[in-house]
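This briefing sets out selected features of the structure shown below. Points are grouped by topic.

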Amino acid sequence: MEDHLPQSVRVERRAVSERESREANGPDWDRYADEYQATHGAFLGDSGFVWGPEGHTEDELAILGEVTGLDVLEVGSGAGQCSRWVRTHGGRGFGLDLSHRQLQHSRRLDEETGIAVPSVRGTATHLPFAPASFDVVFCSFGALQFIRDIDDALADVRRVLRPGGRFAFSITHPTRWMFPDDPGEAGLTATQSYWDRTPYVEVDDATGVVSYVEHHRTLGDWVRLLARHGFVLADLVEPEWPEDHDRVWGGWSRTRGLLTPGTAIFVAHLAA
Ligand SMILES: C[S@@+](CC[C@H](N)C(=O)[O-])C[C@H]1O[C@@H](n2cnc3c(N)ncnc32)[C@H](O)[C@@H]1O
């Protein structure tokens, strides 16, 4: 859920390594974190659990189910809002994020709410936890679409989950890749191939350094990835835009949301 494009960057579509992706996205989220939390913090709620720009919450969707007594890891946890919700519902929520500044916001909210989410700086492809440490791993628009080596990430999620463990994640709905990232009418006309997985890359015009990266996978890619790593897909939730919801978040808006899905939530588990 990025929604900024500084004037000094140019957009390219080209291959990038995992390292380039990480080295771009960590500092990018550091730069953007203050604005992100100022713009979206109230919508997310300090201890709220929102699955996407449509505003559907975990209270409504019950994607994770009962979390009481469970060890729960949020990958790409940002300011830890969702994990704080887990803690207020009896779970032991932990966060992991690539961005130091996002984690500073998490500490700020820990102090302001009195609900602390133990969190660590790291990347989704190298989770710094022992095997079978968690009952649930989830991402709410966290990490997965910023990663090139997605097989490494899924293998690591599988490694840290206990048998029967649940893995749920929301991402930009893969069909959105076909459209310009524009919340208005221009965002309703398909202009690029759904099957073109070439990453979206922003390059700093002044330095030539890659400053932001997103990786696209089709719905079928995600289904095959989950299967390849031993997950059983239980559901694919495509939250509908609420009739009375009129908030613009980057390319997400009522104009587009009433016609096309903006978020996909995959719900999977390991065999018990
Ligand atoms: C859209 S935010 C979502 C955060 C939170 N779930 C929310 O709703 O505000 C995406 C987060 O993913 C983190 N992120 C990006 N790449 C990552 C990676 N490779 N490993 C872990 N976190 C990553 C970013 O730093 C950012 O905090």
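Is Glu 23 buried, partly exposed or exposed? In this predicted model, Glu 23 is partly exposed, because 17 other C-beta atoms lie within 10 Å, a count that falls between the limit of 12 or fewer for exposed residues and that of 20 or more for buried ones. Glu 23 belongs to helix α1, which covers residues 18-44. That helix is described first, followed by the ligand shell, the nonpolar cores and several individual residues.

**Helix α1**

- The helix bends by about 50° at Tyr 32.
- Although α1 has 27 residues, its end C-alpha atoms are only 29 Å apart, whereas a straight helix at 1.5 Å a residue would reach 39 Å.
- The buried residues of α1 include the polar or charged Ser 21, Arg 22, Asn 25, Asp 28 and Gln 37, and Tyr 32, where the helix bends, is also buried.
- Other buried residues of α1 are Ala 24, Trp 29, Ala 33, Tyr 36 and Leu 44.
- The packing partners of these buried residues are α3 (81-88), α4 (100-113) and β8 (210-214).
- After α1 comes Gly 45, which has a positive phi near 80°.
- Glu 23 is separated from Thr 260 by 237 residues in sequence and by 32 Å in space, C-alpha to C-alpha.

**Ligand shell**

- There are 21 residues around the ligand, and those that come nearest are Trp 29, Gly 76, Gly 78, Ser 99 and Phe 146.
- Helix α1 gives the most to this shell, with 4 residues.
- The shell is made up of 11 nonpolar, 8 polar and 2 charged residues.

**Nonpolar cores**

- The largest nonpolar core has 51 residues, and Val 137, Leu 144, Ala 168 and Phe 266 have the most contacts inside it.
- Apart from this core lies another, of 5 residues, among them Trp 29, Tyr 32, Tyr 36 and Leu 98.
- Of the residues named in that second core, Trp 29 is also one of those that come nearest to the ligand.
- Beyond its neighbours within four places in sequence, Ala 168 is in contact with Ile 63, Leu 64 and Phe 138, and also with Ile 265, Phe 266 and Val 267.

**Glu 58 and helix α2**

- Glu 58 is found in helix α2, residues 58-61.
- Glu 58 is buried, because 21 other C-beta atoms lie within 10 Å.
- Neighbours within four places in sequence aside, Glu 58 is in contact with Phe 49, Trp 51, Ile 63, Leu 64 and Trp 85.
- Ile 63 and Leu 64 are also among the contacts of Ala 168.
- Between Glu 58 and Arg 121 there are 25 Å in space, C-alpha to C-alpha, and the two are 63 residues apart in sequence.

**Positive phi outside glycine**

- Ala 62 has a positive phi, near 50°, in a residue other than glycine.
- Ala 62 lies in the loop between α2 and β2 (71-75), and counts as exposed because 9 other C-beta atoms are within 10 Å.
- Phe 141 also has a positive phi, near 55°, and is likewise a residue other than glycine.
- The loop between β5 (134-140) and α5 (150-160) holds Phe 141.
- Phe 141 is buried, because it has 22 C-beta neighbours inside 10 Å.

Note on methods: Residues are numbered from 1 along each chain as its sequence is written. This is a predicted model: local features need pLDDT of at least 70, side-chain atom pairs count only at pLDDT 80 or more; totals for chains, interfaces and linings use all residues. Helices (H or I, at least four residues) and strands (E, at least two) are DSSP runs, numbered from the N terminus. A nonpolar core is a set of buried Ala, Val, Leu, Ile, Met, Phe, Trp, Tyr and Cys residues joined through C-beta atoms within 7 Å. Two residues are in contact if their C-beta atoms, placed from the backbone, lie within 7 Å. A residue is near a molecule or strand if its C-beta atom, placed from the backbone, lies within 6 Å of it. The expected span of a helix is 1.5 Å times one less than its number of residues. The bend at a residue is the angle between axes fitted to the seven residues ending there and the seven starting there.
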